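The exercises below go through one chain, from its overall layout to single residues. Each has a task and a solution in steps.

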Amino acid sequence: MGFLDKLFARKEDKAASAEEPPAEVECSHAAVIARWDSAADMGKPELVSAYVCEACHATLSREEGAVFVAAAAERLRVSEEGRQDRMRH
Ligand SMILES: [Zn+2]
């Protein structure tokens with residue numbers, strides 16, 4: 001390998017690493033789970049103290065988490081409808 005080849009190869013490496021995504025990739029919080037402060041409150045949606053994302057472990061407030069829970073439920077509903085639709089045809 002000549003000097004220019006080495007130089008070029010090194011340049012390519014640099015370009016490739018520059019294209020890598022940043023360390024902090026935005027998480028879609030697709031798998032948020034509810035957390036309750038008191039075990040006695042568990043299972044009661046109105047008493048959820050916080051939501052935690054299983055993917056990135058971010059803690060979300062009840063208001064924030066509810067948005068992602070609703071979005072996940074909607075995705076599930078849509079995919080279920082699509083499955084049933086395919087079965088009918
Ligand atoms: Zn997340």
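Strands, labelled E, are DSSP runs of at least two residues, numbered from the N terminus. By that rule, Cys-53 lies in strand E2. The model is a predicted one.

**Exercise 1. Layout of the chain**

Task: State how many helices and strands the chain has, and in what order they come.

Solution.
- Step 1. Count the elements: the chain has two helices and three strands.
- Step 2. Read them from the N terminus, which gives α-β-β-β-α.
- Step 3. Look at burial: of the 89 residues in the chain, 6% are buried.
- Step 4. Take the contacts with a separation of 6 or more; 31% of these join residues 24 or more positions apart.

**Exercise 2. The sheet**

Task: Work out the strand order of the sheet and find its edge strands.

Solution.
- Step 1. The three strands form an open sheet in the order E1-E2-E3, and the pairing is antiparallel.
- Step 2. E1 and E3 are the edge strands, since each pairs on one side only.
- Step 3. Between E1 and E2, which run antiparallel, there are four bridges. Among the partners across this pair, Ala-34 is matched with Tyr-51 of E2, and Arg-35 with Ala-50 of E2.
- Step 4. E2 and E3 also run antiparallel and are joined by two bridges. Here Tyr-51 has Leu-60 of E3 as its bridge partner.
- Step 5. Put the bridges together: Tyr-51 is paired with Ala-34 and with Leu-60.

**Exercise 3. The second helix**

Task: Describe helix H2, its place against the sheet and its burial.

Solution.
- Step 1. H2 covers residues 62–88 and packs on the sheet, where it touches E1, E2 and E3.
- Step 2. The direction of H2 makes about 55 degrees with that of E2.
- Step 3. H2 has 27 residues and spans 38 Å from first C-alpha to last, close to the 39 Å expected at 1.5 Å a residue.
- Step 4. One of the 27 residues of H2 is buried, so the helix lies largely in the open.

**Exercise 4. Two histidines with positive phi**

Task: His-29 has a positive phi, and so has His-57. Which of these residues is buried and which is exposed?

Solution.
- Step 1. Recall the background: most residues other than glycine have a negative phi.
- Step 2. Phi of His-29 is near 50 degrees, and that of His-57 is about 60 degrees.
- Step 3. Locate the residues. His-29 is in the loop between helix H1 (3–18) and strand E1 (32–35). His-57 is in the loop between strand E2 (50–53) and strand E3 (59–60). E2 and E3 form a hairpin with five residues between them, and His-57 sits in the turn.
- Step 4. Apply the cut-offs: 20 or more other C-beta atoms within 10 Å make a residue buried, and 12 or fewer make it exposed.
- Step 5. His-29 has 21 other C-beta atoms within 10 Å and is therefore buried. His-57 has 8 C-beta neighbours inside 10 Å, so this residue counts as exposed.

**Exercise 5. Cys-53, Glu-54 and Cys-56**

Task: Classify Cys-53, Glu-54 and Cys-56 by exposure, and find what lies around them.

Solution.
- Step 1. Cys-53 is in strand E2, Glu-54 is in the loop between E2 and E3, and Cys-56 is in the loop between E2 and E3.
- Step 2. Cys-53 is partly exposed because 18 other C-beta atoms lie within 10 Å. Cys-56 is partly exposed because 14 other C-beta atoms lie within 10 Å. Glu-54 counts as exposed because 11 C-beta neighbours are inside 10 Å.
- Step 3. Leave aside neighbours within four places in sequence. Cys-53 is then in contact with Cys-27, His-29, Ala-31, Val-32, Ala-58 and Leu-60. Glu-54 is in contact with Ala-31 and Ile-33.
- Step 4. Compare sequence with space, C-alpha to C-alpha. Cys-53 and Phe-68 are 15 residues apart in sequence and 9.5 Å apart in space. For Glu-54 and Val-32, a sequence gap of 22 residues goes with 5.9 Å. For Cys-56 and Val-32, a gap of 24 residues goes with 9.5 Å.

Technical notes: Residues numbered from 1 in each chain as written. Predicted model: local features only at pLDDT ≥ 70, side-chain atom pairs only at ≥ 80, totals over all residues. Contact = placed C-beta atoms within 7 Å. Pairing = 2+ DSSP bridges. Axes fitted to C-alpha atoms, helices over the stretch in contact; angles between N-to-C directions. Expected span 1.5 Å × (residues − 1).
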